[in-house]
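This report describes the architecture, core and selected residues of one protein model. The sequence and the structure are shown first, and the description follows.

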Amino acid sequence: MSGHTPGPWTVPYKEFSKVKAENGAVIATCHKLTNLTNLEANARLLAAAPDLLSVCQRLTTINVFSADNDVAQIIMMACDAVEKATGE
């Protein structure tokens, strides 16, 4: 399945319950389940979805016997995606 709205997706600073596409369209709106921290964390995780998918897709193409600079780049992409998802 590849019909999703292309990334990057972001969580706007003043509208941290919304996940928006690059063109400003709202992809998702998160609702407060327990507190505002929970809401913002859920929005960040959703916003990281395209990045996480991209990294996973690239990981499936790696031949472990031919690790090179591409592997280092993919590892950095994974770190960036995790940072985006967790806000850290």
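## Report on the predicted model

P6 is found in the segment before strand β1. With a relative accessible area of 59%, P6 counts as exposed, because the cut-off for that class is over 50%. Along the chain, P6 and P50 are 44 residues apart, yet their C-alpha atoms lie 7.1 Å apart in space. The segment before β1 (18-20) also holds P8. A cis peptide bond joins G7 and P8, with omega at about 5 degrees. Most peptide bonds are trans.

**Overall architecture and confidence**

The model is predicted. Its secondary structure comes to three helices and two strands, and from the N terminus on the elements run β-β-α-α-α. The mean pLDDT of the protein is 80, and 86% of the residues reach 70 or more. Among the elements, confidence is highest in β1, at a mean of 91, and lowest in α3, at 79.

Of the 88 residues in the protein, 18% are buried. The exposed surface comes to about 6200 Å², of which carbon and sulfur atoms supply 59%. Among contacts with a separation of 6 or more, 36% are between residues 24 or more positions apart.

**The nonpolar core**

The largest nonpolar core has seven residues: W9, V19, A28, C30, L39, A43 and A47. Helix α1 (residues 36-47) gives the most to this core, with three residues.

W9, one of the core residues, has contacts in several parts of the sequence. With residues up to four places away in sequence not counted, W9 touches H4, V19, K20, A21, I27, L46, A47, A49, P50 and K84. Two of these partners, V19 and A47, are themselves members of the core.

C30, another core member, is found in the loop between β2 (26-29) and α1. C30 has a relative accessible area of 10% and is therefore buried, as the limit for that class is under 20%. Leaving aside neighbours within four places in sequence, C30 is in contact with S17, L39, N42, A43 and L46. C30 and E40 are 10 residues apart in sequence, and their C-alpha atoms are 7.9 Å apart in space.

N42, one of the residues in contact with C30, is found in helix α1. At 28% relative accessibility, N42 counts as partly exposed. The C-alpha atoms of N42 and T29 are separated by 9.6 Å, and these residues are 13 apart along the chain.

**A lysine in strand β1**

Is K20 buried or exposed? K20 has its place in strand β1 and counts as buried, because its relative accessibility is 17% and the class takes in values under 20%. The side chains of K20 and E15 are joined by a polar contact of 2.8 Å. Apart from neighbours within four places in sequence, K20 is in contact with P8, W9, T10, P12, E15, A25, V26 and I27. This set of partners therefore includes P8, which takes part in the cis peptide bond with G7, and W9, which belongs to the core.

**Cysteines and helix α3**

How many disulfides does a search of the whole structure find? The search finds zero. The cysteines described here vary in exposure: C30 is buried, whereas C56 is partly exposed at 46% relative accessibility and C79 is partly exposed at 42%.

Q73 is found in helix α3 (residues 69-86). Q73 is partly exposed, with a relative accessible area of 43%. Q73 and V55 are 18 residues apart in sequence, and the distance between their C-alpha atoms is 9.9 Å.

**Relative accessibility of selected residues**

| Residue | Relative accessible area | Class |
|---|---|---|
| P6 | 59% | exposed |
| C56 | 46% | partly exposed |
| Q73 | 43% | partly exposed |
| C79 | 42% | partly exposed |
| N42 | 28% | partly exposed |
| K20 | 17% | buried |
| C30 | 10% | buried |

Terms used. Residues are numbered from 1 along each chain as its sequence is written. Side-chain values use heavy atoms; hydrogens and water are left out. Helices (H or I, at least four residues) and strands (E, at least two) are DSSP runs, numbered from the N terminus. Buried means under 20% relative accessible area, exposed over 50%, partly exposed in between (1.4 Å probe, protein chains only). Contact means heavy atoms within 4.5 Å. Accessible areas come from the Shrake-Rupley method with a 1.4 Å probe; for residues, only the protein chains shown count as cover. A disulfide is a pair of cysteine sulfur atoms within 2.5 Å. A nonpolar core is a set of buried Ala, Val, Leu, Ile, Met, Phe, Trp, Tyr and Cys residues joined through side-chain atoms within 4.5 Å. pLDDT is the predictor's confidence in each residue, from 0 to 100. A polar contact is a pair of N or O atoms within 3.5 Å; within protein, one must be able to donate a hydrogen and the other to accept it, and residues adjacent in sequence count only if both atoms are side-chain atoms.
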